[in-house]
Amino acid sequence: MRVDIVSIFPEYFAPLDLSLVGRARANGTLRLVVHDLRTWTHDVHRTVDDTPYGGGPGMVMRPEPWGAALDALAPPEAPPPRLLVPSPAGVPFTQALAHELAAEPRLLFACGRYEGIDQRVLDHAATRMPVTEVSLGDYVLFGGEVAVLVILEAMTRLLPGVLGNAGSLDDESHAHGLLEAPMYTKPATWRDLEVPAVLRSGDHGRIARWRRDEALARTGRRRPDMLAAIDPGSLDKRDVTA
Ligand code: 6GU
């Protein structure tokens, strides 16, 4: 997959050289290029923002540098990328959206700062390519850079060949609309705390049943919204949701 990122803080993306995202880049699974928005400014101050029409606090990103950046990175004659714009006003980022993005051939992230990007940039881009404004959750960040790190990490681990044990995608939290059951490793006793005996029983049927019950109970306690959204047809009669 090819990914371009445009930001006024390209240094924010240094962590993308580390860990499994770094390995996906090194082996070519993920072709990622970070661009400085100020490349597309032409004044001596390399201005990217201005005061909002209609008044109000803060600054808005001017359309000209963004227009030039998108023209350069998504030229009208080439197959368009999917444009992602992190914003607290976007649609919620979910595991389902991460799967969607992992299946795209090309993504382009436009990181806004301040009060956001002049809306005409997104309206114009939408005449050329699919545009999705995406939010991490109900809180406000200074800008989209950290959101892009989060989105890329969630997406990269879904790319074919990135996870050594692809089975780990199967049980994890959010894979089936439930939170994952607690996990344990050796030693069996630590500071007088025991690993649940069922997990040491070798009885794979009982273990699966225990994990399913724990996942349901934990989801009910922590995320009643997720439990309420489960298709009742996906529950079986042994499922207890206490
Ligand atoms: Cl994607 N961007 C910003 N600036 N703030 C956010 C966000 C994104 N998601 C939650 N808060």
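In which loop is the place of R191? In this predicted model, R191 lies in the loop between β8 and β9 (193-194). The legends below take up this site and several others.

**Figure 1. Close-up of R191 in the loop between β8 and β9.** Phi of R191 is positive, at about 50°, although the residue is not a glycine. R191 counts as exposed because it has 5 C-beta neighbours inside 10 Å.

**Figure 2. Close-up of R46, a residue other than glycine with a positive phi.** The phi value of R46 is near 55°. R46 belongs to the loop between β2 and β3 (49-50). With 14 other C-beta atoms within 10 Å, R46 is partly exposed.

**Figure 3. Close-up of the cis peptide bond from K186 to P187.** Omega of this bond is near 5°. P187 is located in the loop between α6 (168-171) and β8 (189-190).

**Figure 4. Close-up of G177 in the loop between α6 and β8.** G177 is partly exposed, as 17 other C-beta atoms lie within 10 Å. When neighbours within four places in sequence are left aside, the contacts of G177 are with M226, A229 and I230. From G177 to V85 the C-alpha distance is 26 Å, across a sequence separation of 92 residues.

**Figure 5. Close-up of the shell around the ligand.** The ligand is surrounded by 14 residues, of which the closest are P86, P88, L136, L141 and A147. Two or more residues of this shell come from each of β5 (82-92) and β7 (131-135). β5 makes the greatest contribution, with four residues. By type, the shell consists of eight nonpolar and six polar residues, with no charged residue.

**Figure 6. Close-up of the β-α-β unit formed by β1, helix α1 and β2.** The unit is right-handed, and its helix α1 spans residues 19-26. Strand β1 (residues 2-7) and strand β2 (residues 31-36) run parallel and are joined by six bridges. In this pairing, S7 stands opposite D36 in β2.

**Figure 7. Close-up of strand β6 (residues 106-110) and the strands paired with it.** Because four of its five residues are buried, β6 is largely enclosed by the rest of the structure. Five bridges pair β6 with β1 in the parallel sense, and I5 stands opposite F109 in β6. β5 also runs parallel to β6, and three bridges join these two strands. Here L83 is found opposite L108 in β6. In a regular strand, side chains alternate between the two faces of the sheet.

**Figure 8. Close-up of the largest nonpolar core.** This core has 38 residues, and F109 and A110 are those with the most contacts inside it. Helix α5 (residues 145-156) supplies the largest share of the core, five residues. Apart from this core lies another, of five residues, including L179, A181, A215 and L216. The contacts of A110, with residues up to four places away in sequence not counted, are V6, W66, L83, V85 and I117.

**Figure 9. Close-up of M155 in helix α5.** M155 is buried, since 24 other C-beta atoms lie within 10 Å, where the threshold for a buried residue is 20 or more. M155 touches A98, L101 and A102, with residues up to four places away in sequence not counted. M155 and A126 are 29 residues apart along the chain, and their C-alpha atoms are separated by 23 Å.

**Figure 10. Close-up of A96 in helix α3 (residues 95-102).** A96 is exposed, having 11 other C-beta atoms within 10 Å, where the limit for an exposed residue is 12 or fewer. The C-alpha atoms of A96 and D118 are separated by 28 Å, and the two residues are 22 residues apart along the chain.

Conventions. Residues numbered from 1 in each chain as written. Predicted model: local features only at pLDDT ≥ 70, side-chain atom pairs only at ≥ 80, totals over all residues. Near = placed C-beta within 6 Å. Nonpolar A, V, L, I, M, F, W, Y, C, P; charged D, E, K, R; others polar. Pairing = 2+ DSSP bridges. Right-handed = clockwise from strand over helix to strand, strands pointing away. Core = buried A, V, L, I, M, F, W, Y, C linked by C-beta atoms within 7 Å. Contact = placed C-beta atoms within 7 Å.
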